[in-house]
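Have a look at the sequence and the model below. The notes that follow walk through a few local features that may be handy to keep beside you at the bench.

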Amino acid sequence: MNILEFEKQINEARNILIYGVNLKYHSSDCLEQKTENKTEETIWETLFEDMHESCKVILSDGGLQFFGDTSIEKEKYPKQSLMYLDGLQGYNLVWNNMINHHCLLATYDKLNSIIFQNIVLDSYKIARYINYFGVNFSYKKDFFRITAKNNDSFKFNEDKDCCHRGAADIDQASNDAYNLYPHSFNTLKKILNSYENYTDIGKQITPIESGNKITNVEISLSNLPLLQQLRGKGPDLKNIFKLYDGKRKITNGNLLKFIESIAYLKKCPINLPSWSYANSNHMTNADKLYYRYKLEQTFHFDYIYCLTQNIARLNNDFNLAFNDDFIEFATSSINLPNTFSRHLLIQMAFECCTDYHHFKSSFLYKQLSKPDAIMDYDRRTPKKTDPFETFGQWKTCYINFINYMATLVFPIYESYFFVSFYDHFFRPEKSVGENILYLYETLSDYLSRDDIFNSINGNFLVEESKKVCNRNLNKKDNSEVNSDLFIFADYINSKKTMDMLQGNSQNIFQSVVLNAYNHLPEQMPMLLSQEYLNNNFGHLNKSFINACITDLLDANN
């Protein structure tokens, strides 16, 4: 992205948050007053607190209840259920942290794109200045540098007097650039191009021919964290993509290879070759996080596992034979952008499908019943499902919940955090480009701390969720929530996964795989813009939140 274009976008986003969404924006001056003489930890805490204080109105001040008020029949609740997340305690203990973590990673992703998208490296530069190391690791070690001159664009700088050394010596880099990289990257491109919905990823690799031979490739630096890890993993990708062939009947052998290949890709960022002079710590925590983030964001492996489990449980509870239409409907949740925590929201939504819920009291409909609402729930009921049919009402709440979170809530939170982060760390003596690089360095250092995202796995936020459930257990009952309550992907334990995917669950799994592959997530804006609001919400002359809800609900009729 052009630096001047970024400056326009962030100014527009700031104005929309203040004057369009009417949020109480905490300026950098306010933040400085709160954080004066405070530790770095306090500064981050203040950023998060101000974001939640300003944005909580779009989550009903933390009251939530996307699936209705259940307090009337609270005694009928199943004691161990994630439906408790759809309430104030769930918001305070889980949603806050979930949104914090998502905003950190989403901001890091945006910074990677802003800085590195227009920097294209050929085979030699990849081999010489990054090679088998993480991009952030290489940047921090001065294997290369990025400069931002004239506030125009970011430039890759490999000058000898600027960089201490490359990631590999000249002879080794030349060998890799000629004998290894062109072939392995071109093979990866061919595999990705064999599947229509992955051709956009394949297009990120540009082969260069000399005669009839691929002698070089060019890749944007922003795409390298994922592509460098996938390079050389052709057999594993082929094992995974076999399940995307809807005409091929799934077998236990194919399923096991699918599971084992995913486990390998998830747990194993590339190992250093024997010639490397570096120690085993060749990637920062930010590198490892970002690779797993892009892997899940691109292929949705954990999402597929968790959605399958939720549908299978709902199938048992309702004794319904779910067809492909329902699974296609359920897969709309793939649009949730909180990559590492969406499994909790999906499980919460599925476990709210009970007759203990009063779906008419959903937060979204209550919001529209206010005096300035454009229309209320009762006027909309005939256009929807039978009001006495639990499953039909739940489906309505489910799709409204997904749309509201993906189209409105997360874009607002992401933009607020990014703008606030930028404003607080902005240094007037630096150019805009230099400030963006400073943000990247600051955030990568924060993500690389041992106490931040120490272990990204299926247990993400589970402990916080258990606290919510335990607080809602009957006080006379001394039992605690069983960890088996939580659905999270466990491809590493292939036997457990194979046992789970037997019988009807196997059919559900293959259908979810195909729908996840065919369901292209909607592209969200880097930052809020007037164009985005106009394209998605047509009633912006009314109360902002009500107008957005109205448009989202109208889209489902």
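## Strands 2 and 3

Strand 3, residues 153-157, is mostly covered, with four of its five residues buried. Please keep in mind that this is a predicted model. Strand 3 partners strand 2: the two run antiparallel and are joined by five bridges. If you would like a place to start tracing the pairing, Lys-149 stands opposite Ser-153 in strand 3. As a general point, side chains in a regular strand alternate between the two faces of the sheet.

## Two positive phi angles

Just ahead of strand 2 there is a backbone detail to look at. Asp-142 sits in the loop between helix 6 (135-140) and strand 2 (145-149). Its phi is positive, about 60 degrees, although Asp-142 is not a glycine. Is Asp-142 buried or exposed? Its relative accessibility is 16%, so Asp-142 counts as buried, the cut-off being under 20%.

His-300 offers a second case: its phi is near 60 degrees, again a positive value in a residue other than glycine. You will find His-300 in the loop between helix 12 (285-299) and helix 13 (301-318). With a relative accessible area of 5%, His-300 is buried.

## Helix 3 and its tryptophan

Does the length of helix 3 fit its residue count, or what span should we expect? At 1.5 Å a residue, the 16 residues of helix 3 should span 22 Å, and the end C-alpha atoms are 23 Å apart, which agrees. The buried residues of helix 3 include Ile-43, Trp-44, Leu-47, Phe-48 and Met-51. Polar side chains are on that list too, among them Thr-46, Asp-50, His-52 and Ser-54. In general, an α-helix has 3.6 residues a turn, so residues three or four places apart point the same way.

## Aromatic pairs

The structure holds 47 aromatic pairs. One of them is formed by Trp-44 and Tyr-446, which are stacked at 4.0 Å centre to centre with 15 degrees between the planes. This pair links distant parts of the chain: Trp-44 belongs to helix 3 (residues 40-55) and Tyr-446 to helix 19 (residues 432-447), 402 residues apart. Both Trp-44 and Tyr-446 are buried.

Phe-133 and Phe-137 make another stacked pair, with 5.5 Å from centre to centre and 5 degrees between the planes. Phe-133 has a relative accessibility of 4% and therefore counts as buried. Phe-137, at 9% relative accessible area, is buried as well.

## A cluster, and charges over rings

Some aromatic residues form one cluster, whose members include Tyr-108, Phe-116, Tyr-129, Tyr-139 and Phe-144. Also in this cluster are Phe-156, Tyr-290, Tyr-293, Phe-340 and Tyr-440.

Elsewhere, charged side chains meet aromatic rings. Arg-231 lies over the face of Phe-185, 5.5 Å from the ring centre. Lys-395 takes up a position over the face of Phe-329, at 5.2 Å from the ring centre.

## A buried serine in a loop

One more residue is worth a click. Ser-529 is found in the loop between helix 22 (504-518) and helix 23 (530-536). Its relative accessible area is 16%, so Ser-529 is buried. Which residues does Ser-529 touch, not counting those up to four places away in sequence? They are Glu-12 and Ile-16.

Note on methods:
Residues numbered from 1 in each chain as written. Predicted model: local features only at pLDDT ≥ 70, side-chain atom pairs only at ≥ 80, totals over all residues. Heavy atoms only, no water. Phe/Tyr/Trp six-rings, centres within 6.5 Å; stacked < 30°, edge-to-face > 60°. Buried < 20%, exposed > 50% of the residue type's maximum accessible area, 1.4 Å probe, protein only. Lys NZ or Arg CZ within 6 Å of the ring centre and 35° of its normal. Expected span 1.5 Å × (residues − 1). Pairing = 2+ DSSP bridges. Contact = heavy atoms within 4.5 Å.
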